[in-house]
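Welcome, and please open your viewer. We will go from stop to stop, selecting a few residues each time and looking at what is there.

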Amino acid sequence: MTEVDATMARIGEGIGLGHSGDRAAARRLFADLWEEIGDDGDALHRCALAHSMADVQDDVREELAWDLRALEAADRITDERARHAGVTSPVSAFYPSLHLNLGEAYRKLGDVDRARDHLRRGRAAVGALPDDGYGQMIKGGLDRLAERLPGGPAA
């Protein structure tokens, strides 16, 4: 049995705050955690935190900055590290969601080329997703992103 990762538990608390509508409290908790972890701290913690912090931003430019931090950190996580933290899927399963979020942020900013690039990268990575509700949610998100881009899903 793996021991509880206190940082991941605190990130989970922040996610709960965000889901309950207290985005400001979630941002404060995440900002405090980011200070503790640091720019070169544990990559799994940085990825999870940045991915979650992006979700509670009110400014799309801040959302994008956090999404980019999450992607950079994901590139440094090993499957062994993820397993040690209790993550049951391989790190490759992180990428469809990361690219979905980046594609959506770029779409909101009007950068269609970058949005399409992340849509393409997200779709290329969907094979790593579990065949469950989460996997279906991310695949559906990628489909919706494609529909919202100029030219529609086939473009």
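Is Leu33 buried or exposed? Select Leu33 and find out: its relative accessible area is 0%, so Leu33 is buried. Before we go on, please keep in mind that this is a predicted model.

**Stop 1: around Leu33**

Leu33 belongs to helix 2. Now add Thr7, Arg10, Ile11 and Leu49 to your selection; Leu33 touches these four, if residues up to four places away in sequence are not counted. For a sense of distance, select Arg121 as well. Between the C-alpha atoms of Leu33 and Arg121 there are 29 Å in space, and the two are 88 residues apart in sequence.

**Stop 2: a pair of rings**

Stay in helix 2, which covers residues 23-37, and select Trp34. Then select Trp66, which is in helix 4 (residues 60-74). These two tryptophans form an aromatic pair, and a search of the whole structure finds just 1 such pair. How are the rings of Trp34 and Trp66 placed? They are edge-to-face, with 90° between the planes and 5.0 Å from centre to centre. The pair links distant parts of the chain, as its members are 32 residues apart.

Both partners are worth a look with the surface switched on. Trp34 has a relative accessible area of 11% and is buried. Trp66 is buried too, with a value of 9%. Next, show the side chain of Arg69: its charged end sits over the ring of Trp66, 4.2 Å from the ring's centre.

**Stop 3: Arg27 and Asp22**

Go back to helix 2 and pick Arg27. With a relative accessibility of 22%, Arg27 counts as partly exposed. Which residues does Arg27 contact, leaving aside its neighbours within four places in sequence? Highlight Met53, Val56, Gln57 and Asp58 to see them.

Now move to Asp22, in the loop between helix 1 (6-19) and helix 2. Asp22 is partly exposed, at 35% relative accessibility. Draw a distance line from its C-alpha atom to that of Val56: the line spans 8.9 Å, although Asp22 and Val56 are 34 residues apart in sequence.

**Stop 4: two helices crossing**

Colour helix 3 (residues 43-55) and helix 6 (residues 95-108). Their axes come within 12 Å and cross at roughly 35°. The crossing of helix 3 past helix 6 is left-handed. To see the contact itself, show Cys47, His51 and Asp55 on helix 3, together with Ser97, Leu98 and Asn101 on helix 6. Sorted by kind, the residues of this contact are 2 nonpolar, 3 polar and 1 charged.

**Stop 5: Ala85 in its loop**

For the last stop, select Ala85, in the loop between helix 5 (79-84) and helix 6. Is Ala85 buried, partly exposed or exposed? Its relative accessible area is 22%, and because buried means under 20% and exposed over 50%, Ala85 is partly exposed.

Which residues are in contact with Ala85, once its neighbours within four places in sequence are left aside? Show Asp5 and Leu44 to see them. Then select His45, 40 residues from Ala85 along the chain; their C-alpha atoms are separated by 9.7 Å. To finish, stretch a line back to Arg27 from the third stop: C-alpha to C-alpha, Arg27 and Ala85 are 23 Å apart in space, with their positions 58 residues apart in sequence.

Definitions and conventions. Residues numbered from 1 in each chain as written. Predicted model: local features only at pLDDT ≥ 70, side-chain atom pairs only at ≥ 80, totals over all residues. Heavy atoms only, no water. Axes fitted to C-alpha atoms, helices over the stretch in contact; angles between N-to-C directions. Helix = DSSP H or I, 4+ residues; strand = E, 2+ residues; numbered from the N terminus. Left-handed = near helix turned anticlockwise from the far one by under 90°. Contact = heavy atoms within 4.5 Å. Nonpolar A, V, L, I, M, F, W, Y, C, P; charged D, E, K, R; others polar. Phe/Tyr/Trp six-rings, centres within 6.5 Å; stacked < 30°, edge-to-face > 60°. Buried < 20%, exposed > 50% of the residue type's maximum accessible area, 1.4 Å probe, protein only. Lys NZ or Arg CZ within 6 Å of the ring centre and 35° of its normal.
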